[in-house]
Amino acid sequence: MTAPPWGHKPPAVEDVTTYWTSKPPSISQRCNYWIMRHHNGTWRTNRWLRRDGYHAAAERLGIWIWEYLHLIRPLLDEDDSRN
């Protein structure tokens, strides 16, 4: 299989609730992947991600809830304020 220009998605975290209220010791590879895609302009979220609650959104992205609330959601909110 040929890799897309931004690379293959790393595996999802096993349990999105492991780091819910506390910061993980390091950011997951999957979260770094989404952040890199966002900064490169190769990822735009869809309405499902914005409609989902934080738990479902974290599961959809394959990241810990803390990462969604503190790293990904602020990126989405920033995008919303630009439009």
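**Reading cores, rings and salt bridges**

Modeller: Let's open with R60, which has a relative accessible area of 46% and is therefore partly exposed. Keep in mind that this is a predicted model.

Biologist: Got it. And what does the side chain of R60 meet in a salt bridge?

Modeller: For a salt bridge, look for a side-chain nitrogen of Lys or Arg within 4 Å of a carboxyl oxygen of Asp or Glu. R60 passes that test with D52, at 2.7 Å from N to O. The partner sits differently: D52 has a relative accessible area of 18%, under the 20% limit, so D52 is buried.

Biologist: How many salt bridges does that rule give?

Modeller: Two. The other one joins the side chains of R73 and D77, with 3.0 Å between N and O. Both residues belong to helix α4 and lie four residues apart, about one turn of the helix. R73 is partly exposed, with 23% relative accessibility, and D77 is partly exposed too, at 37%.

Biologist: Now the inside. Which residues touch the most other members of the largest nonpolar core?

Modeller: The general idea comes before the names. In soluble globular proteins, nonpolar side chains tend to be buried together. Here the largest nonpolar core has 18 residues, and W34, W43, L61, I63, Y68 and I72 touch the most other members. Two or more residues come from each of α1 (29-40), α3 and α4 (65-82), with α4 giving the most, five residues.

Biologist: Let's take one of those. What does I63 touch, if we skip residues up to four places away in sequence?

Modeller: Contact lists show what packs around a side chain. For I63, the list is V13, V16, S28, R30, C31, W34, A58, Y68 and I72. Notice that W34, Y68 and I72 also appear among the best-connected core members.

Biologist: I see several aromatics there. How many aromatic pairs does the ring rule count?

Modeller: Four. To read one, check the distance between ring centres and then the angle between planes. Y19 and W64 have centres 4.9 Å apart and planes at 75°, so the pair is edge-to-face. Y19 is in the segment before α1 and W64 is in the loop between α3 and α4, so to speak a long-range link, with their positions 45 residues apart. W64 is buried, at 15% relative accessible area. W34 and W43 make another pair, this one tilted, at 4.7 Å centre to centre with 40° between the planes. Both are buried.

Biologist: Which residues do ring pairs link into a cluster?

Modeller: Y33, W34 and W43.

Biologist: What about L71: buried, exposed or partly exposed?

Modeller: Partly exposed, given a relative accessible area of 24%. L71 is in helix α4, and leaving out residues up to four places away, L71 touches I27, C31, I35 and W66. Its C-alpha atom is 15 Å from that of R44, a residue 27 places away along the chain.

Biologist: Last one, the outside. Which residues make the nonpolar surface patch of about 260 Å²?

Modeller: A patch gathers nonpolar side chains that show on the surface, and this one is built from W20, Y54 and L69. Y54 belongs to helix α3 (residues 54-61). With 38% relative accessibility, Y54 is partly exposed, which is over the 30% that a patch member needs.

Technical notes:
Residues are numbered from 1 along each chain as its sequence is written. This is a predicted model: local features need pLDDT of at least 70, side-chain atom pairs count only at pLDDT 80 or more; totals for chains, interfaces and linings use all residues. Side-chain values use heavy atoms; hydrogens and water are left out. Patches are made of residues with over 30% relative accessible area and no salt bridge: like charges are joined within 9 Å, nonpolar side chains (Val, Leu, Ile, Met, Phe, Trp, Tyr) within 5 Å. Accessible areas come from the Shrake-Rupley method with a 1.4 Å probe; for residues, only the protein chains shown count as cover. Buried means under 20% relative accessible area, exposed over 50%, partly exposed in between (1.4 Å probe, protein chains only). A nonpolar core is a set of buried Ala, Val, Leu, Ile, Met, Phe, Trp, Tyr and Cys residues joined through side-chain atoms within 4.5 Å. Contact means heavy atoms within 4.5 Å. Rings of Phe, Tyr and Trp (its six-membered ring) pair if their centres lie within 6.5 Å; planes under 30 degrees apart count as stacked, over 60 as edge-to-face and the rest as tilted.
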